[in-house]
Each structure stands twice: as C-alpha cells, then as structure tokens.
Amino acid sequence: RRAVDSRARTDVCLLFNEALNNVLKHAQATHVEVALLYDPPHLHLRVSDNGKGINPAAGGNGNGLDLMRQHAVRHGGEVVIRSASGEGTTVEARVRVH
C-alpha cells in the first residue's frame with residue numbers, strides 16, 4: 001500500500017474521469033481497457049478504447065484534453081494521446097507522486 005498526496009490523487013481521478021467521459025461521449029467504443037501502474041516516483045494511467053478514434057492534431061484538442069494535460073503537468077507529468085481514425089484511442093498519463 002502506498003499513500004499518495006491528496007492533490008495528486010485528485011488530479012489522477014480527474015484525468016481518469018475525463019478519459020472515460022471522452023470514451024462515453026465521443027468514441028462509440030465497444031471495449032475499454034484501463035491500467036494503473038505505480039512505478040516510483042510516477043503513477044501511470046492508461047485508458048484505451050476500440051472506438052472511432054480522433055486526430056489529436058486536428059480537432060482532437062478540446063478543453064477536456066487540455067485540462068487533462070494541465071492536471072498532469074501540475075505534478076511534473078504529461079499526457080500522451082495516440083489515435084487514428086477508425087482505430088481507437090489510447091490516453092496515457094504520467095504523474096509524479098510523493
């Protein structure tokens with residue numbers, strides 16, 4: 001068991017919530033995989049779906065994705081989005097936890 005500071009915990013929960021919200025609202029997916037891994041000093045979150053995909057460079061940079069990035073950057077982390085039209089989307093977030 002590992003204690004995570006409350007602000008990092010809140011931001012990881014918000015990242016997770018936004019990623020799932022995007023799947024439900026936009027992806028038209030039939031399958032979602034979620035992984036959470038602690039690799040000191042980082043917590044890694046990955047949400048992958050088999051939906052219609054997005055083009056992160058053209059129109060996939062909505063407010064939700066920007067907020068996800070802000071939550072990660074606040075903790076020295078990052079969000080990486082991999083997607084292609086018709087091939088689903090994977091959102092990976094890395095957050096430094098203390």
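In this predicted model, aspartate 66 and arginine 69 pair up in a salt bridge, with their closest N and O atoms 3.7 Å apart. Both sit in helix H2, and because they are three residues apart there, about one helical turn separates them. That spacing suits a pairing along a helix: an α-helix has 3.6 residues a turn, so residues three or four places apart point the same way. Neither partner is hidden away: aspartate 66 counts as partly exposed at 32% relative accessibility, and arginine 69 is also partly exposed, at 26%.

The structure holds five salt bridges, and another of them ties two strands together. Arginine 82 meets glutamate 92 with the closest N and O atoms 2.8 Å apart. This pair links distant parts of the chain, since arginine 82 belongs to strand E3 and glutamate 92 to strand E4, 10 residues apart. Arginine 82 has a relative accessibility of 44%, so it counts as partly exposed; glutamate 92, at 27%, falls in the partly exposed class too. Elsewhere, salt bridges with shared partners join Arg7, Asp11 and Arg74 into one network.

Within that network, the side chains of arginine 7 and aspartate 11 come together at 3.6 Å, N to O. Here the two residues are four apart in helix H1, which means that about one helical turn lies between them. The two ends of this bridge sit in rather unlike surroundings. Arginine 7 is partly exposed, with a relative accessible area of 40%, whereas aspartate 11 is buried, with a relative accessible area of 0%.

Helix H1 has another acidic residue worth a look, glutamate 18. Glutamate 18 is buried, yet no salt bridge goes with it. The nearest side chain of opposite charge is that of lysine 25, 6.5 Å away, and a salt bridge here calls for a nitrogen within 4 Å of a carboxyl oxygen. What does glutamate 18 touch, leaving aside its neighbours within four places in sequence? The answer is Gly64 and Met68, and both of these are among the buried residues of helix H2.

That brings the story back to helix H2, which spans residues 63–73. Its buried residues are Gly64, Leu65, Met68, His71 and Ala72. They cover an arc of only 120° around the axis, so they end up on the same side of H2. The face turned away from that buried side carries Asn63 and Val73, both exposed. As for what the buried residues pack against, the list is H1, strand E3 (78–83) and strand E4 (89–96).

One more pair of positions brings H1 and H2 together on the page. The C-alpha atoms of threonine 10 and histidine 71 are separated by 9.1 Å, although the two residues are 61 apart along the chain. Threonine 10 is in helix H1, and with 37% relative accessibility it counts as partly exposed. Histidine 71, for its part, is one of the buried residues of H2.

On the outside, Phe16, Val32 and Val34 make a nonpolar surface patch of about 210 Å². Phenylalanine 16 comes from helix H1, which runs over residues 6–27. Its relative accessibility is 30%, so phenylalanine 16 counts as partly exposed. Val32 and Val34 lie within the range of strand E1 (32–39).

Two backbone features round off the picture. Most residues other than glycine have a negative phi, and most peptide bonds are trans. Against that background, glutamine 28 has a positive phi of about 55° although it is not a glycine. Glutamine 28 is placed in the loop between H1 and E1, and at 64% relative accessibility it counts as exposed. The other feature is a cis peptide bond, which joins proline 40 and proline 41 with an omega of about 5°. Proline 41 is found in the loop that leads from strand E1 to strand E2 (42–49).

Notes
Residues are numbered from 1 along each chain as its sequence is written. This is a predicted model: local features need pLDDT of at least 70, side-chain atom pairs count only at pLDDT 80 or more; totals for chains, interfaces and linings use all residues. Side-chain values use heavy atoms; hydrogens and water are left out. Patches are made of residues with over 30% relative accessible area and no salt bridge: like charges are joined within 9 Å, nonpolar side chains (Val, Leu, Ile, Met, Phe, Trp, Tyr) within 5 Å. Accessible areas come from the Shrake-Rupley method with a 1.4 Å probe; for residues, only the protein chains shown count as cover. Buried means under 20% relative accessible area, exposed over 50%, partly exposed in between (1.4 Å probe, protein chains only). The arc is that of the directions from the helix axis to the C-beta atoms. Contact means heavy atoms within 4.5 Å. Lys and Arg count as positive and Asp and Glu as negative; His and the chain ends are not counted.
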